[in-house]
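Student: Please take one part of this model and go through it closely. I would like the metal site, with the donors and their geometry set out in order.

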Amino acid sequence: MPTPSRGSSALAVKRKGEVLLFDCGEGTQQRMVAARIGFRRSTRIFITHLHGDHILGLPGLLQTMTLLRRERPLHIYGPRGLLDFIKAFSSTLGGPAFPLEVYEILDEGIVYSGAEYRVDAVRADHEGECWSYAVVEHPRPGRFHPERARALGVPEGPLWGRIQHGADAVLDDGRLVRSADVVDSPRRGRRIVYSGDTRPTEALVRLAEGADILIHEATFDDVLTERAMEDGHSTASQAAEVAAAAGVGMLMLTHISSRYPDPAVLLEQARETFPNTRIAEDLMEVEVQPRPDPSTDAAVGGSPRRL
Ligand SMILES: [Zn+2]
Ligand SMILES: [Zn+2]
């Protein structure tokens, strides 16, 4: 339930001018205005599940995009039933006047794959179908050492780019220059994981393995562990256990129940297990820096169904 300072669920990942929006609770478009996230940007929306506090912002957001004459296509991914929900409000309000592509996820696996990153989904453990998501950047080319390239007589130009991206090159004089002679090994991409509403799960631990940041729901504190289990939620301590088991860089607690006007108790309980924990606040911004240590980059199988 929203409180004066805390809105319902929505998390935006801003990456090179593109926006990945995870959940779209009521009031999301207003927060987007405050966060200066434009409505005409390249955008993909990932919905965890069809509870009101995660989707009631969609009708308003799509209306505003139409009003602003968005032309770019909008891609929305989520559980089965998402298309029916969008059709239901669109039939009353009028459909979006821009291309809308809706994908319902049928299996765990890669939901979206682009040139620089992909988005994976695994099943969460909540009431009804719910998905946890990971944004996984592809490894980036290692650091290029121009002084080494010059010393080896590699002419400056397009060849440098090819060598940086892993290609070996034969120079005009017949000498072979290996990419590894000039370029460090590839740097791992960033990994950002969002739990959605869920009891703690093994699948989420695997999804979050080595993540730079895990945004995990913490609806209740330890006193209400039983209630959390009944309702398909997690306590702050349980979120911290997932973070510790997965070895993430930072844990961000979100989806705090309105019964905690001051969520300090949740922070305290989580930090006992995982010290690098913070509580998400509305409009909080976190810059995700890649961690130096390598981690697994294994995809899980499966593919979404395009509707
Ligand atoms: Zn829910
Ligand atoms: Zn919820």
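Tutor: What follows covers the metal site, with a short note on the internal cavity at the end. The model is predicted, and the distances and angles below are computed from it.

Four residues coordinate the zinc ion (ligand 1): H49 through NE2, H51 through ND1, H126 through NE2 and D197 through OD. The donor distances run from 2.1 to 2.5 Å. Along the sequence, these donor residues follow the spacing H-x1-H-x74-H-x70-D. The angles subtended by the four donor atoms range from 88 to 168 degrees, so the arrangement is irregular. A tetrahedral assignment would need every angle to lie between 85 and 135 degrees, and the upper end here is 168 degrees.

D197 also serves a second metal: this residue bridges the zinc ion (ligand 1) and the zinc ion (ligand 2), which are 3.5 Å apart. H49 and D197 come from distant parts of the chain, 148 residues apart. H49 sits in the loop between β3 (43-46) and α2 (52-55), while D197 sits in the loop between β11 (191-194) and α8 (202-207). Both H49 and D197 are buried.

As for internal space, a search of the whole structure gives one cavity of 30 Å³ or more, and the largest cavity holds about 40 Å³. Its lining includes P59, L62, F89 and L93. Two or more lining residues come from each of α3 (58-67) and α4 (82-93), with α3 giving the largest share, four residues. By type, the lining has five nonpolar residues, five polar and no charged.

Notes:
Residues are numbered from 1 along each chain as its sequence is written. Chains are lettered from A and ligands numbered from 1 in the order in which they are written. This is a predicted model: local features need pLDDT of at least 70, side-chain atom pairs count only at pLDDT 80 or more; totals for chains, interfaces and linings use all residues. Side-chain values use heavy atoms; hydrogens and water are left out. On a 1 Å grid over the protein atoms alone, a cavity is a set of points where a 1.4 Å probe fits but cannot get out, and a pocket is an open set with protein on both sides within 12 Å along at least five of seven lines; lining residues have an atom within 4 Å of a point. Grid points are joined across faces, edges and corners, and a volume is the space filled by probe spheres set on the points. Ala, Val, Leu, Ile, Met, Phe, Trp, Tyr, Cys and Pro count as nonpolar, Asp, Glu, Lys and Arg as charged, and the others, Gly among them, as polar. Donors are N, O and S atoms within 2.8 Å of the metal (3.2 Å for Na, K and Ca); water is not among the atoms, so sites may look incomplete. Four donors count as tetrahedral if all angles lie between 85 and 135 degrees; four count as square planar and six as octahedral if opposite donors are over 155 degrees apart and all others between 65 and 115; anything else is irregular. Buried means under 20% relative accessible area, exposed over 50%, partly exposed in between (1.4 Å probe, protein chains only).
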